[in-house]
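Here are some short exercises for you to try with a protein model. Have a go at each task before you read its solution.

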Amino acid sequence: MFDSSLRGQSYTGLMLHRSLSLRLLPTALAAAALGCVLAQSQAACAWGNEGHRLINRLAAETLPASLPAFLRSDTAIKEIEYLGPEPDRWRSRGEPQLSAAQAPEHFIDLEPADALGPLPRNRLDFEAKVFASGQRPEKIGLQPWEATEVWERLKAALREYRSLAAAGQDTRPVEEVAIFYAGWLGHYVGDASQPLHTTIQYNGWTGPNPNGYTTAHQIHYQFEGPFVAANEHEPEVKAKMTELKTIDGDIFDSYVAYLRHTNSYVEKVYQLEKAGGFAGAGTAESREFTAERLAAGASMLRDMIVTAWVESAKPVPDPYAGK
Ligand SMILES: [Zn+2]
C-alpha cells in the first residue's frame, strides 16, 4: 500500500488520511507541532522543520570571513535558517502542479538509478534514460540534479554580485537573491544527509530481511521528525561539523559522492531503530548518529556556499574559444 509509486504527490492524500486516523493522532499532533502541515506527507518533512532549520542556521553561522559580509549578517542567517524547510512548503495539495513537479527533487533511490548505468550530469539526460527504461523519474528521484542546479544559481548570483560591486553599482538586490539561493540549496543538501532519502528502503525494509528490520511505514518520519525535534540541539551538532573545505573538481561528482556516503548508513538507521533508537529519547548511539548526520548536512552546505563564492570569481568559459 505504500510503494514507491506513492512516493510523489499522489500519496499525499493517503498520508493525510493516515495522519488523521485515531491510531496516528499523536504523530499528527507531533507533525503539527513541528510546523509540518497536515496536508503534507510524512516523508515530506525530511529532517522536519527543526532539523532543516538547524542545518541551515549552522551552515550560515559558520561561513568564513573570506565571504562577503552580506552573506554572514544576522539578517542573512535568519533568512537562510527560515528557508531550510522552504521546499517542503511547496508540497501542499493547495499547489498541486508545483507539488508534483518538485516532489522527486527531495530524494534519489540510488539502487534503481544505478541500475541504469552511470548517472548523467544533466537532469534531462537522466530523465530520458529513466523513461527509456519504462520507468518514471518521480519514482526514482532527482536529488543530485536539483541540488547542483540550485548551487549553480547561487554561483551565477555571486558572479553578478562581483560584477555589480566592481562597477560601483547597487548590490542590494542581488544580495537578496544570493541569500535566497543559499537557503533554498540548504534544503536539498540537508535532505541528502538523511540516509533514508537515498534508498528504496526509505520507509520500512523491503525484500529479504534476515535481520528482522522494521517493515512498518514509520521509521522515516520517526527518525527525522519527532526524534530530531526532541533530542538534537545546536551545540552537539555544531561540535560534529567537519573542517571547512573548498570542493575541488566537478560539483556534480562531489555531490554524488556525498550522497553515496550518506547511503552507506541506510542499514545503520534500521539497526538503531531495532534497538529502540528513535523512540522517546532514543539511545546515546542514536543521538550521536543523528547529530553527526545533521552536522554532515550543515558542513556540506557551508562548503558548497564557500565553493560557489570561489568559483564565481572564475571567468565564464568562452563558447567561441579556439573556433
Ligand atoms: Zn525535502
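**Exercise 1: one residue and its partners**

Which residues does Leu154 touch, not counting residues up to four places away in sequence?

*Solution.* Keep in mind that this is a predicted model. Step one: set aside the residues up to four places away from Leu154 in sequence. Step two: list the contacts that remain, which are Ala178, Tyr181, Ala182, Leu185, Ile305 and Ala308. Step three: look at the wider setting. The largest nonpolar core has 71 residues, and Leu154 is among those that touch the most other members, along with Ala178, Ala182, Leu185, Leu301, Met304 and Ile305. Helix α16 (residues 284-311) contributes the most to this core, with 13 residues. In soluble globular proteins, nonpolar side chains tend to be buried together.

**Exercise 2: the whole chain**

Find how many helices and strands the chain has, and what share of its residues count as buried.

*Solution.* Start with the elements: there are 16 helices and 0 strands. Next, burial: 47% of the 323 residues count as buried. Finally, turn to the contacts with a separation of 6 or more: 75% of them join residues 24 or more positions apart.

**Exercise 3: a helix and a glycine**

Compare the span of helix α11 with the expected one, then work out whether Gly186 is buried or exposed.

*Solution.* First, the helix: α11 (residues 172-191) has 20 residues and reaches 30 Å from its first C-alpha to its last, close to the 28 Å expected at 1.5 Å a residue. It is mostly covered, with 15 of its 20 residues buried.

Second, the glycine: Gly186 lies in helix α11. The cut-off for a buried residue is 20 or more other C-beta atoms within 10 Å. Gly186 has 34 such atoms, so Gly186 is buried.

Third, its company: beyond neighbours within four places in sequence, Gly186 contacts Ile55, Asn56, Ala59, Ile80, Leu83, Gly84 and Leu301. Take Ala59 as an example: Gly186 and Ala59 are 127 residues apart in sequence, yet 8.4 Å apart in space, C-alpha to C-alpha.

**Exercise 4: two helices that cross**

Describe how α3 and α12 cross, and name the residues that meet.

*Solution.* Two packed helices are described by the angle and the distance between their axes. The axes of α3 (residues 48-61) and α12 (residues 219-231) come within 7 Å and cross at roughly 70 degrees. That makes α3 roughly perpendicular to α12. At the contact, Gly48, Glu50 and Gly51 of α3 meet Glu224, Gly225, Val228 and Ala229 of α12. Sorted by class, this contact has 2 nonpolar, 3 polar and 2 charged residues.

Technical notes:
Residues are numbered from 1 along each chain as its sequence is written. This is a predicted model: local features need pLDDT of at least 70, side-chain atom pairs count only at pLDDT 80 or more; totals for chains, interfaces and linings use all residues. Axes are lines fitted to C-alpha atoms, for helices over the stretch in contact, and angles run from 0 to 180 degrees between N-to-C directions. Helices (H or I, at least four residues) and strands (E, at least two) are DSSP runs, numbered from the N terminus. Angles under 35 degrees count as roughly parallel, over 145 as roughly antiparallel, 65 to 115 as roughly perpendicular and the rest as oblique. Two residues are in contact if their C-beta atoms, placed from the backbone, lie within 7 Å. Ala, Val, Leu, Ile, Met, Phe, Trp, Tyr, Cys and Pro count as nonpolar, Asp, Glu, Lys and Arg as charged, and the others, Gly among them, as polar. A nonpolar core is a set of buried Ala, Val, Leu, Ile, Met, Phe, Trp, Tyr and Cys residues joined through C-beta atoms within 7 Å. A residue is buried if 20 or more other C-beta atoms lie within 10 Å of its own, exposed if 12 or fewer, and partly exposed in between; C-beta atoms are placed from the backbone. The expected span of a helix is 1.5 Å times one less than its number of residues.
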